[in-house]
Amino acid sequence: MSTINKVCVIGAGVMGAGIAAHCANAGHDVLLLDIVPNGAENRNAIAEGAIKKLIKSNPAALTHKRNAKRITPGNIEDHMDMIGDCDWIVEAVIERLDIKQDLYKKIDAVRKSGSIVSSNTSTIPLDNLVAGMSDAFAADFCITHFFNPPRYMRLLEVVKGEKTSQSVIDTVSDFSDRKLGKSIVHCKDRPGFIANRLGVFWIYCAVVEALDQGLSIEEADAIIGRPCGIPKTGVFGLMDLVGLDLMPHVIDSMVGLLPADDPFVKIKRDLPLIENMIADGYTGRKGKGGFYRLNREGGKKVKEGIDLQTGEYRPTVKARLSSARTSVRDLRKLVTHKDKGGNYAWRVLAQTLAYAAMLVPEAADDVAAIDEAMRLGYNWKFGPFELMDKLGTDWFAEKLAEDGFEVPAILKMADGRPFYRVENAKVQYLTTDGEYTDLVRPEGVIMLSDIKLASEPVLKNGSAALWDIGDGVACFEFTSKMNSIDPDLMALLGKSIREVKKNFKAMVVYNEGTNFSVGANLGLAIFAANIAAWSEIENMVENGQDTYMALKYAPFPVVSAPSGMALGGGCEILLHSDAVQAHVETYTGLVEVGVGLVPAWGGTKEMLRRWSTNPKHPRGVMPGPGKAFELISTAAVAKSAEEAKANMVLRDTDGITMNRYRLLADAKAKALELAVDYQAPEKPTFRLPGESARVAFEMAVDGFVRQGKATKHDRVVSLAVADILTGGAEGDPTVEMSEADVLELERESFMKMVRHPDTLARVEHMLLTGKPLRN
C-alpha cells in the first residue's frame with residue numbers, strides 16, 4: 001500500500017473545492033485546477049475564486065481559515081505538469097463522459113507512476129470512464145464518490161473496476177478513513193451506486209405519493225421526517241436544500257442507465273409543477289426559494305409553502321396529523337395509522353424499503369453497506385434494513401404481498417428472521433446465503449456500543465454509566481437527555497472518580513450521542529429558581545465545582561473525547577481534563593452568558609489560567625484576563641476542534657481525530673500514554689488585575705451597548721464575568737488569589753445572576769426556542 005501526501009483536485013466547483021478544502025483540513029497540500037475562462041486576464045481565476053468562497057462559506061468548508069494556505073490554485077492549460085508531484089488526483093469536473101476522458105489522457109501524460117486517479121462521478125459507470133485508456137491507467141483508477149458538503153458528510157462510496165489494483169483501493173480507503181474521517185462503503189459499478197440510487201428513489205417516490213394522495217408539503221415533511229427517523233427537513237425541505245434543478249438531471253441519468261423493469265424507471269413521470277418552478281427560478285435555497293420560501297413583501301418575513309395542487313404560494317400551515325406524533329421506535333404504528341399520514345408513510349416506506357432489499361447483491365454485497373450508506377449519506381437515524389427489523393420482516397413481507405408489491409428475494413430468504421441480531425455479545429447481519437455473520441469493525445476501531453453488548457457497567461444510574469474498556473482504562477458515559485449535566489450525572493462522576501482510583505489506570509470521558517454534552521440541565525435550575533430554592537441551586541454549583549476539581553486533581557489521567565456540541569458545563573469538563581482527544585467536528589465554548597448566567601463550575605478560572613500562562617500571548621497581568629473576558633462575555637463557540645485550539649479550550653498538545661468511529665480508540669491510547677508515571681497537576685496561584693481592569697472591561701461593554709451590539713442585561717452579565725477575572729474588583733494594580741478563591745468568585749457571581757429577574761426570562765426563552773433572547 002502506497003502513501004498519499006499531496007493531492008490534486010481538478011474541477012473547482014462546489015464539490016471539487018469542498019474536497020480540496022477537506023484534504024487541506026487533514027493537513028495535506030492540495031493543487032486545485034480548473035479551466036481558463038474565456039478572455040480572462042487572470043488564468044487561475046476560477047480556482048482562486050473558489051478558494052475565496054471557501055474562506056467565506058457558511059457552513060464553513062475549512063476547519064480553520066488558515067488551511068486555505070495549503071491549497072495552490074492553477075489551471076489545466078498551464079499547470080498540468082504540477083500533477084507530477086501529486087499522489088492522488090481527484091477528478092470532479094462536469095458529468096460528461098467526453099470531457100472526463102479527454103482530461104484523463106492529459107492526466108496520464110504527466111502523472112507519476114503509481115499515482116492514483118479517481119473520479120467523483122455519481123452517474124457514469126467506471127467501465128465507460130476508462131474505456132480506451134491504458135491498462136496501467138485503469139489499474140490506478142477508481143471512483144471515490146464524496147457527498148456534499150465534503151467536510152461534514154461522513155460517507156465515501158468507493159468503486160473498484162475490473163482492472164483496478166487492490167492496493168489502490170486499500171490506499172485510498174485507508175487515507176480517506178484515517179485522514180479525511182470518512183466511513184468507506186465499497187459499492188459495485190451500478191448506476192447511482194448505493195446512497196443516491198436509493199436516496200433519489202426515496203425522494204422521488206415521496207414527492208409522487210404526496211401529489212397522488214393530496215398531502216400538503218408540511219404534512220409530507222412531518223411524516224417522512226422524525227417519525228421515520230429522518231431529519232426534520234423531510235423530503236420537500238431536503239429538495240430545497242439540495243437544489244430542485246439538480247434532481248431532473250440526476251433522475252434522467254439514472255433512469256437512462258437502468259433496465260425498463262427497474263422500479264425507479266416505473267415510477268418516473270413528468271412533474272410539471274417542478275419543471276415550472278425551476279423555469280421560474282424557484283430552485284431551492286440557492287434560488288428565490290423552492291417548495292418553501294421567505295416572502296419579504298411589505299417589510300415583513302412570512303414563511304410560505306407551495307400548494308402542490310395549484311402551484312401557488314401561501315403561508316405555511318403546521319401539519320395536524322396525529323400520525324406525525326408517532327415515533328420511529330414504533331414504526332409499525334405509523335404505517336398502520338388510519339389517517340392519511342399513515343397511508344402516505346406506508347406507500348413511501350413500502351416502495352423505498354423494498355427497493356433497498358432489491359439492491360442486495362446488485363449494488364452492494366451486504367445489507368450493512370446499504371444501511372451505512374443511508375445513515376451517513378442521507379442522515380437517516382436507521383438504515384432501511386434496520387427499519388425493516390422494526391416493522392418485523394415477516395409482517396413487512398406479508399403486507400407487501402397483500403398490497404400488490406413484489407416481495408424481494410432477500411426478504412423471502414429471511415423468512416421472518418431479522419436482518420440483524422446479537423449473538424455471543426456481537427452484532428451479526430443476515431447474508432445473501434441465509435446465514436448470519438459478525439459485523440466487523442475496521443481495524444483499530446473501538447465502539448462503546450459493542451462493549452456494552454458484551455459487558456455490564458461498573459457503575460450506572462439514570463444519567464450516566466462507567467464502563468471497563470480494557471487495558472485498565474474506564475470510560476465515563478453520559479446517558480441523560482441530550483447528555484445534559486444534572487445532579488445524578490455529577491453524583492456518578494464523583495463515585496466513578498473514586499472507583500477508577502482504586503481499580504483502573506486512567507479514565508476516558510466519552511459517549512456516542514450526537515453531542516458530547518449541551519451543558520447543564522437548565523430546566524432543573526429554572527424549576528428551583530421559580531420556587532426560590534436558592535440553597536438547592538447553590539448546592540448544585542458547589543457540587544459541580546467539587547466534582548470537577550476532583551476530576552482535575554485525580555491521581556490518574558482523565559482524557560475527554562468530545563464530538564458535536566460540548567457547551568457550557570460540557571466545555572468545563574474538557575477544561576478540567578488532563579488531555580482532550582477531540583473529533584474534528586467539536587463545537588465548544590462557555591455559552592452561559594447567552595442565557596444571562598456565568599460559568600460556575602470552574603470554566604472562567606480555567607480559561608483565565610490558560611490565557612494568562614500562554615507563552616505565545618503578551619506578558620503582563622492584563623492580556624490573559626482580557627482574552628478570557630472577550631471569549632466568555634461573547635459566549636464564543638469554536639466551530640471545529642482546530643478553532644477550539646485557537647480559543648485555548650483545547651491545548652496545542654491535545655489531539656484531533658478525523659474519523660468519529662476512531663475517537664474512543666484514540667482517546668484510550670492517549671490515556672494509557674499519560675498513565676505512565678502520571679502526576680496530578682500542581683495547584684496554581686492567580687495574579688488578577690484588580691479594579692482598574694474592571695473599569696476597562698466596563699468601558700468596552702458600554703461601547704457595545706451604545707452601538708446596539710449588546711443589551712443592558714448583557715452588560716450586567718458581562719460585568720459579573722469581569723468581577724471574577726479581576727479578583728472581585730478589589731485592589732489595584734493586582735490581586736493574588738488561590739484557585740479556591742477564584743471558584744468562590746464564580747459561585748458568588750453565578751448566584752447573583754441566577755437571582756436577577758431578567759435571567760429567568762432568558763433561560764426560559766432559550767429552553768422554549770433554542771435561541772437567546774436579545775432584548
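Angles over 145 degrees between two helix axes, taken between N-to-C directions, count as roughly antiparallel, while those under 35 degrees count as roughly parallel. The exercises below apply this to a predicted model.

**Exercise 1.** Work out how α22 and α30 are oriented to each other, and describe their contact.

*Solution.* Begin with the geometry: helix α22 covers residues 534-552 and helix α30 covers residues 739-754, and their axes come within 11 Å and cross at roughly 150°. Next, compare this angle with the cut-off, which is over 145 degrees for a roughly antiparallel pair; α22 and α30 are therefore roughly antiparallel to each other. The hand of the crossing of α22 and α30 is right-handed. Finally, look at the residues that meet: α22 contributes W534, I537, E538, V541, E542, Q545, M549 and K552, and α30 contributes E739, L743, E746, R747, F750, M751 and V754. Sorted by class, the residues of this contact between α22 and α30 are eight nonpolar, one polar and six charged.

**Exercise 2.** Repeat the analysis for α29 and α30, and find the residues through which they touch.

*Solution.* Helix α29 spans residues 712-725, and its axis comes within 9 Å of the axis of α30, with a crossing at roughly 165°. That angle makes α29 roughly antiparallel to α30, and the crossing of the two is right-handed. On the side of α29 the contact is made by V716, V717, A720, D723 and I724, and on the side of α30 by V742, L745, E746, S749, K752 and M753. By class, the residues in the contact of α29 with α30 are seven nonpolar, one polar and three charged. Note that E746 of α30 appears in the contact with α22 and again in the contact with α29.

**Exercise 3.** Decide whether α7 and α15 are roughly parallel or oblique.

*Solution.* Helix α7, residues 195-213, packs against α15 at an angle of about 60°, and the axes are 9 Å apart. The roughly parallel class needs an angle under 35 degrees and the roughly perpendicular class runs from 65 to 115; α7 and α15 are therefore oblique to each other. The crossing in which α7 passes α15 is right-handed. The residues in contact are A195, L198 and G199 of α7, together with I370, A373 and M374 of α15, and these divide into five nonpolar, one polar and no charged.

**Exercise 4.** Locate the cis peptide bonds at P149 and P361, and the positive phi of N379.

*Solution.* Taking the bonds in turn, N148 and P149 are joined by a cis peptide bond with omega of about 0°, and P149 sits in the loop between β6 (141-146) and β7 (155-160). The bond from V360 to P361 is also cis, with omega near 10°, but P361 is placed in helix α14, which covers residues 340-362. As for N379, its phi is positive, at about 60°, although N379 is not a glycine, and this residue belongs to the loop between α15 (367-377) and α16 (384-391).

**Exercise 5.** Describe the largest cavity: what is its volume, and which residues line it?

*Solution.* The structure holds one cavity of 30 Å³ or more, and the volume of the largest cavity is about 60 Å³. Its lining is made by T588, G589, L590, M607, L631, I632, A636, N647 and V649. Turning to the elements behind these residues, β22 (586-589) and α25 (623-633) each supply at least two residues of the lining. The last step is to sort the lining by class, which gives six nonpolar, three polar and no charged residues.

Notes:
Residues are numbered from 1 along each chain as its sequence is written. This is a predicted model: local features need pLDDT of at least 70, side-chain atom pairs count only at pLDDT 80 or more; totals for chains, interfaces and linings use all residues. Side-chain values use heavy atoms; hydrogens and water are left out. On a 1 Å grid over the protein atoms alone, a cavity is a set of points where a 1.4 Å probe fits but cannot get out, and a pocket is an open set with protein on both sides within 12 Å along at least five of seven lines; lining residues have an atom within 4 Å of a point. Grid points are joined across faces, edges and corners, and a volume is the space filled by probe spheres set on the points. Helices (H or I, at least four residues) and strands (E, at least two) are DSSP runs, numbered from the N terminus. Ala, Val, Leu, Ile, Met, Phe, Trp, Tyr, Cys and Pro count as nonpolar, Asp, Glu, Lys and Arg as charged, and the others, Gly among them, as polar. Axes are lines fitted to C-alpha atoms, for helices over the stretch in contact, and angles run from 0 to 180 degrees between N-to-C directions. A crossing is left-handed if the near helix is turned anticlockwise from the far one by less than a right angle, and right-handed if clockwise. Contact means heavy atoms within 4.5 Å.
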